[in-house]
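Me: Could you take a close look at the side-chain links in this model for me? I'd like to know where the partners sit and whether they are buried or exposed.

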Amino acid sequence: MLPLLLLAQIQFVDVAKQAGLAFVHHHSPTARKHLIESVPGGVAAFDFDGDGLTDLFFTNGSALPSMEKTGPEFHNRLYRNRGGWRFEDVTARAGLAGEGYSIGAAAGDFDGDGHLDLFVAGYRRNRLYRNNGDGTFRDVTRSSGIGSDRFSVAGGWFDYDGDGLLDLLVVNYLDWTPGDDRFCGDRAANLRVYCHPRYYGAVPNTLYRNRGGGVFEDVSAASGIARFPGKGMSAAIADVDEDGRPDLFVTNDAVPDFLFRNNGGGTFQEIGTAAGVSLNQDGRATSSMGADFADFDNDGRVDLAVTALSGETFPLFRNLGKALFADVTQAAPTRRRAGWGVSFADFDNDGWKDLLTTGGHVNDRIERFESTTYRQPNGLFRNLGNGKFEDVSAAAGFTVARAHRGSVVADFDNDGRLDAVVVCLGEPAELWRNVSTGAGNWVAFRLEGRALGAVIRLGAQVGVLSSAASYASSSYRPVHFGLGQETKAARVEIRWPSGKTQVLENVGINRVHRLREP
């Protein structure tokens with residue numbers, strides 16, 4: 001067990017303005033309270049140009065009810081990391097302004113050419129962009145076979161059938177159209193609010209198998225995924241039962257969440273209830289938003305965190321092994337918060353993964369009904385290493401209340417301290433630089449080639465390379481380990497997606513190691 005650095009102080013500073021990160025998410029709020037206004041938006045952190053610096057892509061909304069990007073204020077945005085905490089808007093050159101009302105994003109190299117590609121989820125206009133490797137992207141949606149017939153909010157890349165090609169899960173929300181003009185709220189007071197998802201039908205998620213050559217096949221029915229309609233919001237991907245095959249967790253809004261266990265042979269079994277993750281500890285479905293898998297207790301198994309609305313708590317599930325989980329939510333004090341994005345990350349490098357959540361309610365008039373607020377600060381819960389978390393949000397610098405949504409974690413300046421980006425509705429995005437004092441040593445591994453899904457074990461810690469993260473977001477970054485006061489990484493074991501195991505000994509610390517499968 002790694003020693004705790006009791007003197008470390010986790011501290012963040014928002015440097016978005018100084019860094020030139022000027023993105024504002026335009027979700028187009030209207031008096032009609034179109035449901036879609038409340039659910040964006042996502043962000044992807046990935047190194048699109050291969051220069052070793054993590055770049056940022058933001059999804060954006062559109063005019064309503066037309067669902068058209070009628071001006072540049074609605075363009076999706078790509079920011080290139082120039083180093084030294086400077087970001088440059090390269091959207092126009094990259095060809096990523098987008099179409100329609102975009103919500104989520106997912107980064108992954110679907111064609112295996114070494115350049116990270118991009119999937120953008122939105123309302124009936126999903127888009128797949130191939131990275132040309134020269135700073136530009138090409139829209140290959142039509143030729144790829146990726147469909148756009150649903151209200152999609154997120155995506156996740158993974159190789160479910162072990163053929164070396166990345167497949168794509170698309171998370172679909174519910175059966176809603178811009179013409180739906182149902183009134184929800186208090187007519188007598190002329191108080192209109194966003195309708196509860198109970199008023200709309202459930203829809204299945206979509207699974208696309210990568211057949212190679214840039215072509216995808218819809219295998220939703222054949223895989224068993226389509227048998228389970230839900231009200232999906234986000235996905236987290238990891239091998240929860242350690243059988244070498246990636247499994248899927250999908251959050252659902254106010255109906256039970258799904259855990260799809262990968263059976264092999266191209267099929268999945270939904271085991272959320274049996275595994276103990278479909279409902280909270282009170283036996284109720286939550287308004288589940290974001291999710292993340294990580295090993296927070298250093299027992300070698302990936303655990304699960306989920307965000308939800310005020311009064312529901314943010315469910316925290318401990319992996320007991322054999323695809324069974326225990327609800328240990330009391331370990332994280334979150335009942336008074338409403339949240340969307342969520343990420344496990346070791347922000348003080350003490351060897352224990354902390355928990356970052358983004359704050360904000362779905363109902364912009366919630367103050368008229370409940371003793372909570374629409375705009376809320378982000379939350380940071382420090383892992384104490386004894387199975388419990390401490391709320392250090394205010395002390396860490398998270399005091400500004402906004403309508404926060406998607407988020408990502410990455411080391412944007414490669415200094416070994418993990419930073420964060422958070423999307424805000426109608427206000428500038430936040431770029432949180434980690435300036436923590438007394439942080440411990442660290443090591444990170446940038447896995448290249450067909451590496452998504454790789455599992456790395458370092459001492460008692462385990463890390464997974466997965467780009468699906470948070471809410472409607474994606475973080476394709478090196479696998480990071482805090483080391484506390486350790487001065488070397490004595491033994492590192494990497495299980496590549498192919499099944500091959502690689503062992504490294506006495507690995508140098510406080511640096512990023514670039515590795516390919518030997």
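Reply: Happy to; I'll begin with the disulfide, then move on to the salt bridges.

A note on conventions: this is a predicted model, in which local features need pLDDT of at least 70, side-chain atom pairs count only at pLDDT 80 or more, and totals for chains, interfaces and linings use all residues. Residues are numbered from 1 along each chain as its sequence is written, and side-chain values use heavy atoms, with hydrogens and water left out.

Taking a disulfide as a pair of cysteine sulfur atoms within 2.5 Å, the count is one. The bond runs between cysteine 184 and cysteine 195, with an S to S distance of 2.0 Å, and it is right-handed, with 100° about the S-S bond. Cysteine 184 lies in the loop between strands E12 (174-175) and E13 (185-186), and cysteine 195 in the loop between E14 (191-192) and E15 (201-202), so the link ties together parts that are eleven residues apart in sequence. Strands (E, at least two residues) and helices (H or I, at least four) are DSSP runs numbered from the N terminus. Both cysteine 184 and cysteine 195 are buried, where buried means under 20% relative accessible area, exposed over 50%, and partly exposed in between (1.4 Å probe, protein chains only).

On to the charged pairs. With a salt bridge defined as a side-chain nitrogen of Lys or Arg within 4 Å of a carboxyl oxygen of Asp or Glu, the structure holds 33 of them. In one, aspartate 161 meets arginine 209 at 2.8 Å, N to O. Aspartate 161 sits in the loop between E10 (152-158) and E11 (167-172), while arginine 209 is in strand E16 (206-212), 48 residues apart. Aspartate 161 is partly exposed at 27%, and arginine 209 is partly exposed at 28%.

Another salt bridge joins arginine 433 and aspartate 413, whose closest N and O atoms are 3.9 Å apart. Here arginine 433 belongs to strand E32 (430-434) and aspartate 413 to the loop between E30 (404-410) and E31 (419-424), 20 residues apart. Arginine 433 has 29% relative accessibility, and aspartate 413 has 22%.

Finally, arginine 514 and glutamate 448 meet at 3.1 Å, N to O. Arginine 514 is in strand E41 (512-516) and glutamate 448 in strand E33 (441-448), 66 residues apart. Arginine 514 is partly exposed at 47%, as is glutamate 448 at 21%. These two also belong to a network of salt bridges with shared partners, which includes Asp47, Arg446 and Arg516.
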